[in-house]
Amino acid sequence: IIHYLYTAFAEATKTGNPVMRPVFWEFPDEVAFFGVDNLWMTGDSLLSVMVGEIGQNSVSVSLPGYSKNQVWYNFPMQIKNFSENTIRDQFKPISAQKNKNHKFLCSLDQGIPVLLRGGKIILTNERARRNSKLMENDPYTMIIALDSNSELAEGQHFEDNQVTISSDFVLTKFTYDDSTKVLTMSSSSSSENSNDNKFQIIIERVIILRPNHKHSIIKKPNGV
(Lines give C-alpha, C1' and ligand atoms only; values in the text may rest on other atoms or scores of the structure.)
Protein backbone atom coordinates (compact mmCIF):
# COMPACT_ATOMS: atom_id res chain seq x y z
CA ILE A 1 0.00 0.00 0.00
CA ILE A 2 2.98 2.32 -0.32
CA HIS A 3 1.33 4.34 -3.10
CA TYR A 4 -1.88 4.63 -1.07
CA LEU A 5 0.23 6.12 1.75
CA TYR A 6 1.99 8.37 -0.77
CA THR A 7 -1.39 9.65 -1.95
CA ALA A 8 -2.47 10.26 1.67
CA PHE A 9 0.68 12.32 2.29
CA ALA A 10 0.00 14.33 -0.88
CA GLU A 11 -3.52 15.02 0.40
CA ALA A 12 -2.12 16.08 3.78
CA THR A 13 0.24 18.52 2.07
CA LYS A 14 -2.59 20.10 0.10
CA THR A 15 -5.53 20.04 2.54
CA GLY A 16 -4.07 19.53 6.01
CA ASN A 17 -5.99 16.30 6.54
CA PRO A 18 -3.64 14.10 8.63
CA VAL A 19 -2.40 10.80 7.27
CA MET A 20 -3.19 9.02 10.56
CA ARG A 21 -6.65 10.18 11.64
CA PRO A 22 -8.87 9.67 14.67
CA VAL A 23 -12.11 7.92 13.79
CA PHE A 24 -14.20 11.06 14.36
CA TRP A 25 -12.28 12.77 11.55
CA GLU A 26 -14.09 10.56 9.03
CA PHE A 27 -17.26 9.92 11.07
CA PRO A 28 -18.04 13.24 12.81
CA ASP A 29 -21.72 12.39 13.39
CA GLU A 30 -21.04 9.38 15.62
CA VAL A 31 -20.36 10.80 19.07
CA ALA A 32 -19.68 7.36 20.55
CA PHE A 33 -16.34 7.28 18.71
CA PHE A 34 -15.09 10.71 19.82
CA GLY A 35 -13.08 9.21 22.68
CA VAL A 36 -12.07 5.97 21.00
CA ASP A 37 -8.30 5.48 20.95
CA ASN A 38 -8.00 1.82 19.92
CA LEU A 39 -9.06 2.49 16.31
CA TRP A 40 -7.58 4.85 13.77
CA MET A 41 -7.90 5.68 10.10
CA THR A 42 -4.97 5.80 7.68
CA GLY A 43 -6.15 8.16 4.98
CA ASP A 44 -9.89 7.96 4.35
CA SER A 45 -10.06 4.28 3.40
CA LEU A 46 -8.17 2.04 5.86
CA LEU A 47 -9.16 1.39 9.47
CA SER A 48 -6.67 -0.23 11.87
CA VAL A 49 -7.37 -1.88 15.22
CA MET A 50 -4.89 -1.50 18.07
CA VAL A 51 -3.43 -4.64 19.64
CA GLY A 52 -2.13 -3.51 23.02
CA GLU A 53 -1.47 -6.64 25.06
CA ILE A 54 1.48 -9.03 25.00
CA GLY A 55 0.47 -12.38 23.53
CA GLN A 56 -2.96 -11.08 22.50
CA ASN A 57 -4.58 -13.37 19.92
CA SER A 58 -7.91 -11.59 19.39
CA VAL A 59 -9.50 -8.20 19.85
CA SER A 60 -13.14 -7.07 19.92
CA VAL A 61 -14.17 -3.61 18.77
CA SER A 62 -17.22 -1.73 17.58
CA LEU A 63 -16.93 -0.38 14.03
CA PRO A 64 -17.78 3.18 12.95
CA GLY A 65 -20.30 4.04 10.28
CA TYR A 66 -23.37 2.37 11.80
CA SER A 67 -25.47 5.48 11.19
CA LYS A 68 -24.88 5.11 7.44
CA ASN A 69 -24.91 1.30 7.19
CA GLN A 70 -21.19 1.35 6.52
CA VAL A 71 -19.66 -1.93 5.37
CA TRP A 72 -16.01 -2.83 5.97
CA TYR A 73 -13.87 -5.54 4.43
CA ASN A 74 -11.03 -7.48 6.01
CA PHE A 75 -7.91 -6.17 4.33
CA PRO A 76 -5.05 -8.69 4.16
CA MET A 77 -1.51 -7.37 3.97
CA GLN A 78 -0.69 -10.26 1.65
CA ILE A 79 -3.10 -11.87 -0.79
CA LYS A 80 -2.44 -15.60 -0.92
CA ASN A 81 -3.49 -15.95 -4.55
CA PHE A 82 -5.94 -14.30 -6.89
CA SER A 83 -8.62 -16.95 -7.29
CA GLU A 84 -12.17 -15.79 -6.58
CA ASN A 85 -12.48 -18.28 -3.71
CA THR A 86 -9.38 -16.88 -2.02
CA ILE A 87 -10.52 -13.30 -2.55
CA ARG A 88 -13.87 -14.11 -0.95
CA ASP A 89 -12.13 -15.83 1.94
CA GLN A 90 -9.68 -13.01 2.66
CA PHE A 91 -11.91 -9.96 2.03
CA LYS A 92 -14.88 -10.78 4.25
CA PRO A 93 -17.51 -8.01 4.49
CA ILE A 94 -18.53 -6.74 7.93
CA SER A 95 -21.43 -4.36 8.54
CA ALA A 96 -21.07 -1.73 11.24
CA GLN A 97 -23.83 -1.92 13.84
CA LYS A 98 -24.42 0.30 16.85
CA ASN A 99 -23.14 -1.14 20.15
CA LYS A 100 -22.08 -4.39 18.49
CA ASN A 101 -18.53 -5.66 18.91
CA HIS A 102 -16.75 -7.61 16.20
CA LYS A 103 -14.01 -10.07 17.03
CA PHE A 104 -10.78 -10.11 15.01
CA LEU A 105 -7.86 -12.51 15.25
CA CYS A 106 -4.53 -10.77 15.81
CA SER A 107 -1.87 -13.38 16.51
CA LEU A 108 1.57 -13.13 14.93
CA ASP A 109 0.20 -15.08 11.95
CA GLN A 110 -2.75 -12.71 11.38
CA GLY A 111 -1.10 -9.42 12.35
CA ILE A 112 -2.88 -6.19 13.28
CA PRO A 113 -6.47 -6.14 11.95
CA VAL A 114 -6.88 -3.72 9.05
CA LEU A 115 -10.21 -3.01 7.33
CA LEU A 116 -11.00 -1.44 3.96
CA ARG A 117 -13.90 1.01 3.90
CA GLY A 118 -16.78 0.30 1.57
CA GLY A 119 -17.27 2.97 -1.09
CA LYS A 120 -13.54 3.39 -1.68
CA ILE A 121 -11.04 2.43 -4.40
CA ILE A 122 -7.35 1.90 -3.71
CA LEU A 123 -4.38 0.71 -5.76
CA THR A 124 -1.84 -1.77 -4.39
CA ASN A 125 1.37 -3.36 -5.63
CA GLU A 126 1.23 -7.12 -5.12
CA ARG A 127 4.61 -8.14 -6.51
CA ALA A 128 7.17 -8.79 -3.78
CA ARG A 129 10.21 -6.53 -4.09
CA ARG A 130 13.22 -5.81 -1.91
CA ASN A 131 12.59 -2.06 -1.96
CA SER A 132 10.29 0.58 -3.40
CA LYS A 133 12.79 1.56 -6.11
CA LEU A 134 12.32 -1.85 -7.75
CA MET A 135 8.53 -1.31 -7.74
CA GLU A 136 8.63 1.78 -9.95
CA ASN A 137 7.41 0.06 -13.10
CA ASP A 138 5.25 -2.60 -11.46
CA PRO A 139 1.57 -2.77 -12.47
CA TYR A 140 -1.15 -2.17 -9.93
CA THR A 141 -4.01 -4.16 -8.49
CA MET A 142 -7.13 -2.01 -8.23
CA ILE A 143 -9.41 -2.90 -5.31
CA ILE A 144 -12.95 -1.56 -5.59
CA ALA A 145 -14.86 -1.86 -2.31
CA LEU A 146 -18.59 -1.27 -2.75
CA ASP A 147 -20.72 0.12 0.05
CA SER A 148 -24.08 -1.21 1.18
CA ASN A 149 -25.88 2.08 0.44
CA SER A 150 -24.99 2.35 -3.22
CA GLU A 151 -23.26 0.65 -6.09
CA LEU A 152 -20.63 3.38 -6.29
CA ALA A 153 -17.02 3.63 -5.15
CA GLU A 154 -14.37 6.31 -5.59
CA GLY A 155 -10.71 6.88 -4.93
CA GLN A 156 -7.63 8.74 -6.09
CA HIS A 157 -3.98 8.08 -6.84
CA PHE A 158 -1.07 10.53 -6.75
CA GLU A 159 2.09 10.12 -8.83
CA ASP A 160 5.24 12.21 -9.11
CA ASN A 161 8.92 11.37 -9.60
CA GLN A 162 9.17 10.22 -5.94
CA VAL A 163 12.66 11.70 -5.63
CA THR A 164 12.80 15.49 -5.68
CA ILE A 165 10.97 17.94 -3.42
CA SER A 166 9.42 19.64 -6.44
CA SER A 167 8.40 17.78 -9.60
CA ASP A 168 5.57 17.37 -12.05
CA PHE A 169 2.73 15.26 -10.75
CA VAL A 170 -0.54 13.69 -11.84
CA LEU A 171 -3.56 13.12 -9.61
CA THR A 172 -5.91 10.47 -11.02
CA LYS A 173 -9.44 10.09 -9.68
CA PHE A 174 -11.50 6.91 -10.08
CA THR A 175 -15.24 6.34 -9.94
CA TYR A 176 -16.89 2.95 -10.38
CA ASP A 177 -20.60 2.29 -10.88
CA ASP A 178 -21.49 -1.36 -10.37
CA SER A 179 -24.96 -0.89 -11.87
CA THR A 180 -23.43 -0.12 -15.25
CA LYS A 181 -20.06 -1.85 -14.68
CA VAL A 182 -18.32 1.35 -15.79
CA LEU A 183 -15.04 2.62 -14.33
CA THR A 184 -14.37 6.32 -14.98
CA MET A 185 -10.93 7.88 -14.63
CA SER A 186 -9.98 11.55 -14.81
CA SER A 187 -6.62 13.16 -14.14
CA SER A 188 -5.23 16.58 -13.34
CA SER A 189 -1.57 17.49 -13.64
CA SER A 190 0.74 20.04 -12.07
CA SER A 191 0.91 22.11 -15.25
CA GLU A 192 -0.45 22.19 -18.76
CA ASN A 193 3.01 21.36 -20.09
CA SER A 194 3.62 18.32 -17.88
CA ASN A 195 3.95 14.98 -19.61
CA ASP A 196 1.20 12.70 -18.25
CA ASN A 197 2.63 9.69 -20.08
CA LYS A 198 5.61 9.44 -17.75
CA PHE A 199 3.16 8.75 -14.90
CA GLN A 200 1.15 6.05 -16.62
CA ILE A 201 -0.86 3.70 -14.40
CA ILE A 202 -0.84 0.09 -15.58
CA ILE A 203 -3.47 -2.09 -13.90
CA GLU A 204 -3.01 -5.85 -14.14
CA ARG A 205 -6.16 -6.85 -12.27
CA VAL A 206 -9.31 -5.39 -10.73
CA ILE A 207 -10.88 -6.86 -7.59
CA ILE A 208 -14.50 -5.87 -6.92
CA LEU A 209 -15.68 -6.38 -3.34
CA ARG A 210 -19.42 -6.53 -2.69
CA PRO A 211 -21.39 -6.48 0.60
CA ASN A 212 -23.17 -9.71 -0.39
CA HIS A 213 -19.75 -11.45 -0.50
CA LYS A 214 -20.07 -12.08 -4.25
CA HIS A 215 -16.65 -10.66 -5.02
CA SER A 216 -15.20 -10.84 -8.51
CA ILE A 217 -11.80 -10.44 -10.11
CA ILE A 218 -10.92 -9.21 -13.59
CA LYS A 219 -7.43 -10.05 -14.77
CA LYS A 220 -5.70 -7.85 -17.34
CA PRO A 221 -8.76 -5.63 -17.88
CA ASN A 222 -9.18 -4.14 -21.34
CA GLY A 223 -8.90 -0.40 -21.72
CA VAL A 224 -7.22 0.26 -18.35
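Helices here are DSSP runs of H or I with at least four residues, strands are E runs of at least two, and both are numbered from the N terminus. With that in hand, welcome to the tour.

This is a predicted model, in which local features need pLDDT of at least 70 and side-chain atom pairs count only at pLDDT 80 or more, while totals for chains, interfaces and linings use all residues. Residues are numbered from 1 along each chain as its sequence is written, and side-chain values use heavy atoms, with hydrogens and water left out.

**Stop 1: a strand to start from**

Select Phe169, which you will find in strand S12 (residues 169-177). Phe169 counts as partly exposed because its relative accessible area is 29%; buried means under 20%, exposed means over 50%, and partly exposed is in between (1.4 Å probe, protein chains only). Now add Ser186, 17 residues away along the chain: the two C-alpha atoms are 14 Å apart.

**Stop 2: the largest pocket**

Next, select Asn74, Pro76, Gln90, Leu105 and Gln110. The largest pocket holds about 670 Å³ of space, and of the 20 residues that line this pocket, those five are the closest to its centre. A pocket is found on a 1 Å grid over the protein atoms alone: it is an open set of points where a 1.4 Å probe fits, with protein on both sides within 12 Å along at least five of seven lines, and lining residues have an atom within 4 Å of a point. Grid points are joined across faces, edges and corners, and the volume is the space filled by probe spheres set on the points.

Which elements each supply at least two residues of the lining? Color helix H3 (84-90), strand S7 (101-105) and strand S8 (114-117) to see them. S7 gives the most, with 3 residues. By class, the lining has 10 nonpolar, 5 polar and 5 charged residues. Here Ala, Val, Leu, Ile, Met, Phe, Trp, Tyr, Cys and Pro count as nonpolar, Asp, Glu, Lys and Arg as charged, and the others, Gly among them, as polar.

**Stop 3: a nonpolar patch**

Turn on the surface and select Phe24, Trp25, Val31 and Phe34, which make a nonpolar surface patch of about 390 Å². Patches are made of residues with over 30% relative accessible area and no salt bridge, and nonpolar side chains (Val, Leu, Ile, Met, Phe, Trp, Tyr) are joined within 5 Å. Accessible areas come from the Shrake-Rupley method with a 1.4 Å probe. Phe34 sits in the loop between helix H2 (23-26) and strand S2 (39-42), and it is partly exposed because its relative accessibility is 41%.

**Stop 4: salt bridges**

How many salt bridges does a search of the whole structure find? There are 10, each one a side-chain nitrogen of Lys or Arg within 4 Å of a carboxyl oxygen of Asp or Glu.

Begin with Glu26 and Arg117, whose side chains meet in a salt bridge of 2.9 Å, N to O. This pair links distant parts of the chain, with Glu26 in helix H2 and Arg117 in strand S8, 91 residues apart. Both partners are buried.

Move on to Glu204 and Arg127, where the closest N and O atoms of the salt bridge are 2.8 Å apart. This pair also links distant parts of the chain: Glu204 is in strand S14 (residues 203-209) and Arg127 is in the loop between strand S9 (120-124) and strand S10 (140-145), 77 residues away. Glu204 counts as buried because its relative accessibility is 13%, whereas Arg127, at 39%, is partly exposed.

Then pick Asp138 and Arg129, joined by a salt bridge of 2.8 Å, N to O. Asp138 is buried at 9% relative accessibility, and Arg129 is partly exposed at 41%. To finish this stop, select Glu11, Arg21, Glu26 and Arg117 together: salt bridges that share partners join them into one network.

**Stop 5: three loops**

Leu146 is in the loop between S10 and strand S11 (152-160). Is Leu146 buried or exposed? Leu146 is buried, because its relative accessible area is 3%.

Most residues other than glycine have a negative phi. Asn69 has a positive phi, near 55°, and lies in the loop between strand S4 (58-62) and strand S5 (71-74). His213 has a positive phi of about 75°, in the loop between S14 and strand S15 (216-219).

Note on methods: Patches are made of residues with over 30% relative accessible area and no salt bridge: like charges are joined within 9 Å, nonpolar side chains (Val, Leu, Ile, Met, Phe, Trp, Tyr) within 5 Å.
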